[in-house]
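Open the structure in your viewer and keep the selection panel at hand. We will go stop by stop.

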Amino acid sequence: MTTVLDARAERWWSTAGVGLLLPVALLIAWQALGASVGTPRTPLPVNIVKAAAVMIASGDLPAALLQSLGRVFGGFLLAAILAIPLGLLMGYSRAAERNLDPLVETFRPIAAIAILPLAILWLGTGTSAAVAIVAYAAFFPLIVNAVAGAKHVNPTLLRAAATMGLDRMTTIRTVVIPAALPSIGVGLRIAMGVGWTAIVAAELAVGAKAGGGGSGGIGQMMFVFYAYSIELNRIIVCMLAVGLVALLLDRLLRAMMKKLMPWAVQ
Amino acid sequence: MSPHVGGTRTLPGRSWGALVYLRTMLVFAAVWALVAQWTDNPILLPSPLTVLDAATDLARDLELFEQAGISLGRMVVSISIACLLAVPLGLAMGLSRRFDRIVDPTLEVLRPISGIAWIPLALFIFGIGNALPVFIMTYAAFFPILVGTVAAVRSVDRRLVDVARTMGIPQRTIVTRIVIPAALPSLLVALRLGVALSWTAVVAAELIGAPSGLGYAVEWYRELLATPQVMSFIAMIGVIGYLCDATVRWLNRRFTPWAQSPR
């Protein structure tokens with residue numbers, strides 16, 4: 001029993017405008033409060049937009065993002081090449097799982113960023129250390145999901161394959177891998193998110209601990225704005241860029257998965 | 001308490017598993033020792049025995065446990081704050097579509113920004129000290145717990161709520177007696193994710209901007225080029241990370257035994 005008034009109220013609540021109310025109110029409050037009681041360093045929405053325009057126009061922000069993205073893809077690829085075949089093997093063969101699982105479970109709880117001091121020691125403060133951190137971070141979600149995917153193959157299909165006399169490699173190629181793909185896809189998405197977080201952390205820490213030695217990337221850029229030129233507006237632009245890239249990466253992967261394996265996406 | 005279905009492993013099976021674990025790790029240590037022998041540079045790669053030595057020393061003068069205690073304390077505080085903020089907010093968002101429509105877009109803008117990306121700005125606001133890691137960890141744990149709570153509340157069986165409403169049970173009782181118990185299992189799963197993420201964030205935050213804690217210790221010993229100590233603290237980060245996860249899983253089993261899938 002919905003009255004006309006209720007229906008109208010419901011329509012009002014479901015418009016997109018409602019969602020904008022709070023952000024707009026917060027931004028106005030921030031601008032007003034910051035301009036009246038803040039110091040000249042206080043970041044303000046208007047100044048953030050200006051800073052963003054300057055940083056994009058000068059090409060600094062896109063260049064830093066591209067450098068970080070390149071490292072993420074490098075580490076991601078390295079991790080995928082190692083983790084997915086290994087995970088499939090572990091999911092398919094009990095013996096492989098029993099012997100390799102202790103290693104995975106021992107190193108998995110160690111946060112990737114904790115490895116950074118060792119990575120700096122072994123690989124220096126350049127790109128290779130950052131790539132190694134991303135690879136380490138991405139490795140574990142990839143392998144865990146590959147194992148889960150290969151384990152959840154319908155046993156009837158495996159028996160059917162055995163009945164038809166397929167050899168191991170063919171069984172893996174035609175039965176195990178297609179069945180594991182959805183789970184691998186989930187792993188890829190998680191790994192991408194984790195990798196992007198790890199690259200920001202790695203570049204930040206390298207910037208902080210290696211005396212700001214120019215290794216580039218978005219994290220390094222943020223640290224320079226914090227430690228050397230103290231420009232909070234620009235730090236916030238970087239933060240928003242980090243968030244935006246994270247969102248775009250996830251959307252991109254999800255769209256790719258929908259296209260490549262439509263049966264896997266709920 | 002009757003023994004739950006989840007852990008019906010017989011003792012021989014379990015000790016066999018421990019043996020296999022030890023065997024794998026021994027092989028790993030042997031390979032490590034060989035590579036260390038071949039590298040012949042104790043700063044670059046000390047042998048496993050040297051690391052074990054350093055770890056026992058650090059454990060004996062309690063430094064290992066002191067720094068671990070500091071990091072762990074920060075995490076407990078952060079997780080508590082994150083739960084206090086995220087669970088009520090998530091309950092409200094899950095229960096009221098209107099409230100959700102108002103709040104959700106703002107949160108969705110913040111959510112993709114990882115806690116670690118807040119470090120420079122938070123470092124400027126809080127300076128180096130306890131506040132920075134606590135803020136970063138709270139932020140890192142907040143979103144998984146919030147998202148999990150909202151999803152958990154939404155997945156509560158509508159019929160249960162409808163039945164309660166038909167019987168004239170007041171809204172508050174419905175929330176405390178039906179919605180929260182029904183949402184608890186997924187909520188604890190979300191908590192597990194929150195704990196894992198905040199533990200990752202604490203290491204980064206302490207590495208960059210804290211005067212103490214495991215992350216700080218790792219970096220401190222790296223500057224001294226004391227690699228065995230660095231490795232000991234890294235191992236401690238792993239051990240605590242594992243224990244935290246095990247604790248949350250135990251909470252899961254203890255408080256929501258009905259939601260455990262038999263494995």
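**Stop one: a loop residue in chain B**

Select B:Asp40. It counts as exposed, because only 8 C-beta neighbours fall inside 10 Å and the cut-off for exposed is 12 or fewer. Bear in mind that this is a predicted model.

Where along the chain are you? B:Asp40 sits in the loop that links helix H1 (11-39) to helix H2 (48-60) of chain B. Now check the backbone. The phi of B:Asp40 is positive, about 55°, although the residue is not a glycine.

**Stop two: another positive phi**

Jump to B:Leu225. This residue is not a glycine, yet its phi is positive, at about 60°. Show the flanking helices, H9 (214-223) and H10 (227-255) of chain B; B:Leu225 lies in the loop between them.

Is B:Leu225 buried or exposed? B:Leu225 has 12 C-beta neighbours inside 10 Å, so it counts as exposed. The cut-off of 12 or fewer includes that value.

**Stop three: where the chains touch**

Show both chains and select the contacts between them. On one side are 42 residues of chain B; on the other are 44 residues of chain A.

Which elements of chain B should you colour? Those giving two or more residues to the side that touches chain A are H1, helix H4 (97-110), helix H5 (119-126), helix H8 (171-209), H9 and H10 of chain B. Next, colour that side of chain B by residue class. You will find 29 nonpolar, seven polar and six charged residues.

**Stop four: chain A as a whole**

Hide chain B and show chain A as a cartoon. Eleven helices appear, and zero strands. Reading from the N terminus, each element in the run is α.

Chain A has 266 residues, and 40% of them count as buried. Turn to the contacts between residues at least 6 apart in the sequence of chain A. Of these, 71% join residues at least 24 apart.

**Stop five: a helix pair in chain A**

Select helix H4 (residues 60-92) and helix H7 (residues 127-151) of chain A. Their axes are 6 Å apart, and the helices pack at an angle of about 30°. H4(A) and H7(A) are therefore roughly parallel to each other; the cut-off for that term is under 35 degrees.

Look at the crossing next. H4(A) passes H7(A) in a right-handed sense. Finish by showing the side chains in this contact. The residues where H4(A) meets H7(A) comprise 24 nonpolar, six polar and two charged.

How values were computed
Residues numbered from 1 in each chain as written. Chains lettered and ligands numbered in written order. Predicted model: local features only at pLDDT ≥ 70, side-chain atom pairs only at ≥ 80, totals over all residues. Helix = DSSP H or I, 4+ residues; strand = E, 2+ residues; numbered from the N terminus. Buried ≥ 20, exposed ≤ 12 C-beta atoms within 10 Å, placed from the backbone. Contact = placed C-beta atoms within 7 Å. Nonpolar A, V, L, I, M, F, W, Y, C, P; charged D, E, K, R; others polar. Axes fitted to C-alpha atoms, helices over the stretch in contact; angles between N-to-C directions. Parallel < 35°, antiparallel > 145°, perpendicular 65-115°, else oblique. Left-handed = near helix turned anticlockwise from the far one by under 90°.
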